[in-house]
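Here is a set of short exercises to work through with the model open beside you. Try each task first, then follow the solution step by step.

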Amino acid sequence: MNKLTTLSYFIFLLPFLGFIINGLFLKQSHKKLAGFLSVALNGAAALIAIYLAFNYFQSGVAPGRMILWQKDFLSFAPSLIASVGLLLDPLSAMMLVVITFISFAVHIYSIGYMKEDRSTTRFFSFLSLFTFSMLSLVVAPNLFQTFFFWELVGISSYLLIGFWYEKPAAVSASKQAFILTRFADSFFLLGIILVSFIIGSFDFYDLNTLSLSSFLGEINLGIITITKAKALFVASILVFIGGWGKSAMFPMHIWLPNAMEGPTPVSSIIHSATMVVAGVYLVARLFPFFSLFSDTLHLIMVVGIFTAVFAAVIACTQKDIKRILAYSTLSQLGYMMFALGSTSVIIEGQAAINTLGYSASVFHIFTHAFFKCMLFLIAGSLIHAVHSNDLDQMGGLGRKMPWTYAATLIGCLAISGIPPFSGFFSKDEILIATLEGKHFIVFGLALFTSGLTAFYMFRLFFLAFHGNMRSPHASHIKESFSMTFPIVMLAIPSFLGGYLFKKVFLKFYLPGYLPASDIFSSSISVHWVPFAASLVALIGIVFAWVSYGRPYANVKKALDETNRNQFYKWIYHKFYFDEIYYAFVRQFIFRGFSAFVRFFEDYVIGGAVKGSVFIIKKAGELVRESQSGFTPFYLGTLVVGLLLWRFLGNLPV
Amino acid sequence: MTLLNCLLLSFILFGIGIFGLLRRRHLVAMLISIEIMLNAANMNFITFAYFSAEDSSAGAVFNLFVIAVTACEMAIALAIVVSMYRRRHSLDVNELRSLHE
């Protein structure tokens, strides 16, 4: 174990070292060196993480938790100490492997993708910081450390989305991402404060082993006095809002598609392993805590399923390849969320927990990370090849880029949930979990979304790789090694990940903290679900083929959104949510709140400053008047003064 | 010749000096006024030395000191006046206000 502890430090230190060296010691001209250094450091971190995870699962501690090291960091009170540490349990071990592996692939890819950029060193430095903060986030043994690195993940994504800071769109997208997630984080912070106030601990162990029966009394929160159980319920909602914003669930979703303004490797890592996954991860990490409150779980489920359907519908009409993938991520995150929420089951009037939803959700994080990362890298390759994000400019690329073509096919099949690709297994479990929980509406919507997913992914696939070449750059398109290798590397887990790890996830992801009586065992026969899901996905693929893939499909007309009906336009403009946000910000924040602040600034604070300046100036003028500069006046005052002093003062006679 | 008469004379001289100092605008005239005031003070010394001191030479010695110091002072003052005149071609104190602004 001692050796493991020593090794575990390196998982964090290596990316951090990459950040420091690239950020401080390398010049912008050392592009090659920066790239290879980051790749080497992250590769080593990935190897250590895999070794660590392997040892953990072999050690026999496996479903339980293990603290490799822990140190006191800040002590607020003798009973409330925030510590930093490394917690190893199935969830964090899985996340460590996924994050380091994906970060490694993205770093390799960035060498090729960012070759012509003038500040590659800065890019690698930020990317390493991003990896470091996400790694530290997932192993946090307490809420305090989680929040700390949660914000660091936020700031590094801000830096990376706004990496091309000469582009106004990138700057505003990065600000939007940062402000929206900060808005959610403020609730998260409130939740942390409330929880630590009631329980007196930041530790996940204390939160997850909580039983409501030991919190019976009332608590005074300054303004109101409520029962502790109710206060904890409020806290659980507040903490969930943090994950809500971070995972870009509706209605805080708009920052994620707009974050596409950043470089593609950044989108790739944000969407697969870091940032947005942090929200789902938080809910999964605190799952036993959330499961105490079935209302919170219902909220999670409703938010999740709504986002899943909503985003999938929008994705069907978009033309920007990265935006399609962004909405697809939203939809898949919705899947993970509602899977967590659908664990709440009512049997014979008693609330119980169906742990299948939990393991399915975590499994989906795992499979989704690989294929989504790969799809984004592919999108980056295509953009690099045709110099445009637009599907209008692509088409017929299959012949030019055979490796990419094959990888895309694997990715699309995986995300659509076609057996035996990885997405099938996780999606299937999610569907089964909702059905077992008797959430029939959610099940129906999820099945529908699954069909939509297959449709829009194959729409993308056919438009980009089949048909005529519409790009003016078509003649000199070729695949480069550093950009194709990571894609192929990720294609393997996208293909086999589900089948190989299915057993692992089912066995290890039962949260052992739950009291046994609350665990639910299914009574419904669900053998038909996999067939139904595959069938729906196939129907989606056929639809995509008919509209965009078959030789006689009128692709030009299909891509032209101007002559479509009103409904299509609504969807194409993302239900005008960006506009609603802008209007809201303009009307209420700029004109309302900001105007008030401006008024206060100008007239109250500025008035006070100007007033004091005025008084001092007037007093100065008064004194200045007396300094006339006439010598006789000075002499006269001298004489008068002396006389006054002589006769009125107490001058010794 | 009584003590009072002598003191009155020196008082009148001092008053003339003050009046001249305050009213005249010419620098040289002001210097003369200062000189008059000093002489008024000298008068006082001599008066008290003559009428009330046991050894009247002590008061006279003081007078000599004052006259010597005044001579030095006047030399410096006149030097300033001369250089001022060379520079500004005027000795009107109301115009010598460049330190005011």
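Helices (H or I, at least four residues) and strands (E, at least two) are DSSP runs, numbered from the N terminus. Residues are numbered from 1 along each chain as its sequence is written, and chains are lettered from A and ligands numbered from 1 in the order in which they are written. This is a predicted model, in which local features need pLDDT of at least 70, side-chain atom pairs count only at pLDDT 80 or more, and totals for chains, interfaces and linings use all residues.

**Exercise 1. Find the cis peptide bonds and the loops that hold them.**

Step 1. Begin with the background: most residues other than glycine have a negative phi, and most peptide bonds are trans.

Step 2. Go to A:Pro419 and A:Pro420, which are joined by a cis peptide bond with omega about 0°. A:Pro420 sits in the loop between α16 (402-416) and α17 (422-436) of chain A.

Step 3. Now look at A:Phe250 and A:Pro251, where a cis peptide bond also has omega about 0°. The loop holding A:Pro251 runs between α8 (228-246) and α9 (255-258) of chain A.

**Exercise 2. Locate A:His387 and A:Lys438, and work out how exposed each one is.**

Step 1. Set the cut-offs: a residue is buried if 20 or more other C-beta atoms lie within 10 Å of its own, exposed if 12 or fewer, and partly exposed in between, with C-beta atoms placed from the backbone.

Step 2. A:His387 is in the loop between α15 and α16 of chain A. Although not a glycine, A:His387 has a positive phi of about 60°. A:His387 counts as exposed because it has 10 C-beta neighbours inside 10 Å.

Step 3. A:Lys438 is in the loop between α17 and α18 (440-465) of chain A. Its phi is near 60°, a positive value in a residue other than glycine. A:Lys438 has 14 other C-beta atoms within 10 Å, so it is partly exposed.

**Exercise 3. Describe the two sides of helix α20 of chain A.**

Step 1. Check the length. α20(A) (residues 529-549) has 21 residues and reaches 28 Å from its first C-alpha to its last, close to the 30 Å expected at 1.5 Å a residue; the expected span is 1.5 Å times one less than the number of residues.

Step 2. List the buried residues of α20(A): A:Val529, A:Ala533, A:Val536, A:Ala537, A:Gly540, A:Ile541, A:Ala544, A:Tyr548 and A:Gly549. They lie on the same side of α20(A) because they cover an arc of only 150° around the axis. That arc is taken from the directions from the helix axis to the C-beta atoms.

Step 3. Turn to the other side of α20(A), where A:Phe531 and A:Val546 are exposed.

**Exercise 4. Trace the largest nonpolar core.**

Step 1. Fix the term: a nonpolar core is a set of buried Ala, Val, Leu, Ile, Met, Phe, Trp, Tyr and Cys residues joined through C-beta atoms within 7 Å.

Step 2. The largest core has 198 residues, and A:Leu96, A:Val283, A:Cys373 and A:Met374 touch the most other members. Helix α15 (residues 355-386) of chain A gives this core its largest share, 20 residues.

Step 3. Follow the contacts, meaning residues whose C-beta atoms, placed from the backbone, lie within 7 Å. Not counting residues up to four places away in sequence, A:Met374 touches A:Ala407, A:Gly411, A:Ile487, A:Leu490, A:Ala491 and A:Ser494.

Step 4. A:Val283 is one of the buried residues of α11(A). In this helix (residues 276-285), ten of its ten residues are buried.

Step 5. With the same exclusion of residues up to four places away, A:Leu96 is among the residues touched by A:Ala49, together with A:Ile11, A:Val97 and A:Thr100. A:Ala49 belongs to helix α2 (residues 31-58) of chain A and counts as buried because it has 25 C-beta neighbours inside 10 Å.

**Exercise 5. Show how β1 and β2 of chain A pair.**

Step 1. Two strands pair if DSSP finds at least two bridges between them.

Step 2. Nine bridges join β1(A) (residues 66-77) to β2(A) (residues 80-88), and the strands run antiparallel.

Step 3. The two strands form a hairpin with two residues between them. Within the pairing, A:Ser75 stands opposite A:Ile81.

Technical notes:
Contact = placed C-beta atoms within 7 Å.
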